[in-house]
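Trainee: Could we go through the charged pairs in this structure together?
Mentor: Certainly; let us look at it first.
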Amino acid sequence: MTINWEPGIGDPTQIGWFTVFAYFVTAILCYRAAMTANARSIDIRTAANLEQYFWFAASISLILFGINKQLDLQSLFTEVARVIAKLQGWYDNRRIYQLFFIEGLGIVALAVGVGILWLLRKTDARVQIALFGFFCLGAFVVLRAASLHHVDHFLGDKILGWRWNSILELSGIGVVAIACLTYLRKFHPQH
């Protein structure tokens, strides 16, 4: 049994490349916010240190999301899972396993998200807004990786010429970017 995935450009459309650009620009903004929080951490220890770590982790995450956008690694994951399911004989019951996967991942993501939110509870509100944007992006990536037919159909549907796939992904990136820009404006006003 072979894996039907090859490395290549996953979304060579204009909106695909725009999304990658948005990931990378937002990653740069998050890096600048991390440096701003680093400068603030000299005066304000705990909250600004957490903000620095958050913005730096956000920057790295956005770079990885941007790379994944074009390499389509979640499709590789789905394809490997399909091959394993066929080899082990449980492919016919895959919908049950997909449901368990989504529920399990959702529970883990919720627990991790609540933990991160608790850790960041004393940080600036813009950090928490950016975290919400990451939750949206994470949910989007999990939905894509689950490869459920009705979810894939919905993500491919269009509204005003835009696929829901693009709307959801760019909205998450946009929330992070806006939170980051307002953070920079507040704590680093000359930019």
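Mentor: The topic below is salt bridges and where their partners sit.
Mentor: This is a predicted model, in which local features need pLDDT of at least 70, side-chain atom pairs count only at pLDDT 80 or more, and totals for chains, interfaces and linings use all residues. Residues are numbered from 1 along each chain as its sequence is written, and side-chain values use heavy atoms, with hydrogens and water left out.
Trainee: How many salt bridges are there?
Mentor: The count is five, where a salt bridge is a side-chain nitrogen of Lys or Arg within 4 Å of a carboxyl oxygen of Asp or Glu.
Trainee: Which residue does Lys 69 meet in a salt bridge?
Mentor: Its partner is Glu 169, at 2.9 Å from N to O. Lys 69 belongs to helix H2 (residues 46-71) and Glu 169 to helix H7 (residues 164-187), so the pair ties together parts 100 residues apart in sequence. Helices here are DSSP runs (H or I, at least four residues), numbered from the N terminus.
Trainee: Are Lys 69 and Glu 169 buried or exposed?
Mentor: Both Lys 69 and Glu 169 are buried; buried means under 20% relative accessible area, exposed over 50%, and partly exposed in between (1.4 Å probe, protein chains only).
Trainee: Turning to Asp 124, what does Asp 124 pair with?
Mentor: Asp 124 forms a salt bridge with Arg 126, the closest N and O atoms being 2.9 Å apart. Asp 124 also meets Lys 186, again with 2.9 Å from N to O.
Trainee: How accessible is Asp 124?
Mentor: Asp 124 is buried, at 9% relative accessibility, whereas Arg 126 is partly exposed at 23% and Lys 186 is partly exposed at 44%.

Definitions and conventions: Helix = DSSP H or I, 4+ residues; strand = E, 2+ residues; numbered from the N terminus.
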